[in-house]
Amino acid sequence: MARPIEAARRLVVLTAIDIEYAAMRRHLNDLVPRRHPAGTIFEVGAVPGAPWQVALAVTGPGNIGAGVLAERAIALFAPQALLFVGIAGALREWVALGDVVVGTRVFAYHGGRDDRSGFQHRPRSWDAAHGLEQLARHVARDDVRPEGDERPGPAVHFLPIAAGEVLLNSPSSPLARQLQGQYGDAVAIEMESAGASAAAHLNGGLPMLTVRGISDSVHRPKEEAEQAGWPLLAAQRAAAFAAGLIRRLEPEHTGAAPTAAPVVADRPAAPATVADRPAAPATVADRPAAPANVQVNSASGGAVFAVQGGDQIVHGGPR
């Protein structure tokens, strides 16, 4: 029996290119378009059996566009989590085509300083949200192949991902050597998750997770993988894994409440004028009595002079 969708349960799923978008869209029902004021069009639907509203969009390649559209999606939908779902290239030979990589950390590897002493790496990185990562490990124990997929696998790897602005297609290029030397634990490379991770971080640490199917490898020609149909299969496997995660997702896995700001009108109104505020006691006699043996210095309309051991009261004298 389908679980009812709760209005407060909202997710955003971003993709970079059309085959990723189409693969994820196949898992959503009752899609309705929603337009951001700046023109970005989202489709909002639901994964069957999951009580979540899912807003889906395609960002185009690159971290800049991914970051901008992630920010728009967060502002428009106030989601409880953000997923980036798509394909990536393998950096390690033992990562097979068709495998799924869940990014435990995203490296923005292009940061650095270049001076006379050489290039000094200054990357940024974002860890996966712990609750989402733990749920993904649970999902990985099941068969996460899309319907009709008869090929072996996929293996699911929980390791870091490198995200930059370069489409890498060589194991011996300067960039490949940089990644091998400085980011030895990264097993996949793509071009969007750093931007989306930065947007999630800047929105109160919104839980974010990257799910990537391996479509090609830097250790073999990209054209061979494309001719064999791996990009499409990799996109479908990543989408199937993400849909399985959404079906099992509960609010406690995100650790975050919806990010919508409170409405100002709901706050208690401040007094409009001085007359609306509680009146102060009119005379000294109206004020609460001070405890015994305590000095009180009080004045009404004039100066006050301290006197040791007693109370000094001056009434309305000329200034």
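Me: Buried means under 20% relative accessible area, with exposed over 50% and partly exposed in between, for a 1.4 Å probe and protein chains only; what makes strand 3 mostly covered?

Reply: This is a predicted model, in which local features need pLDDT of at least 70 and side-chain atom pairs count only at pLDDT 80 or more, while totals for chains, interfaces and linings use all residues. Residues are numbered from 1 along each chain as its sequence is written, and side-chain values use heavy atoms, without hydrogens or water. In strand 3, residues 41-46, 5 of the 6 residues are buried, which means that each of those 5 falls under the 20% limit.

Me: Why is residues 41-46 called a strand?

Reply: Strands are DSSP runs of E with at least two residues, and helices are runs of H or I with at least four, both numbered from the N terminus. Strand 3 has 6 residues, so its length meets the minimum of two. By these rules the chain has 8 helices and 14 strands.

Me: How do you know that strand 3 pairs with strand 2 and with strand 4?

Reply: Two strands pair if DSSP finds at least two bridges between them. Strand 2 (residues 29-35) and strand 3 share 5 bridges in the antiparallel sense, and strand 3 and strand 4 (residues 53-58) share 3, also antiparallel, so both pairs meet the cut-off. Val32 has Val44 of strand 3 as its bridge partner, and Glu43 has Leu56 of strand 4. In the hairpin of strand 2 and strand 3, with 5 residues between the strands, Gly39 takes a positive phi near 110°; in that of strand 3 and strand 4, with 6 residues between, Gly49 takes a positive phi near 90°.

Me: What makes a set of residues a nonpolar core, and which residues have the most contacts inside the largest one?

Reply: A nonpolar core is a set of buried Ala, Val, Leu, Ile, Met, Phe, Trp, Tyr and Cys residues joined through side-chain atoms within 4.5 Å. The largest has 38 residues, and Val13, Met24, Leu209, Phe241 and Ile246 have the most contacts inside it. Helix 7 (residues 230-248) gives the most to this core, with 9 residues. A second, separate core of 19 residues includes Phe42, Ala70, Phe77 and Leu82.

Me: Which residues is Val13 in contact with, leaving aside its neighbours within four places in sequence?

Reply: Contact means heavy atoms within 4.5 Å. Val13 meets this limit with Met24, Val54, Ala55, Leu56, Ala57, Leu83, Val85 and Ile246, when those neighbours are left aside.
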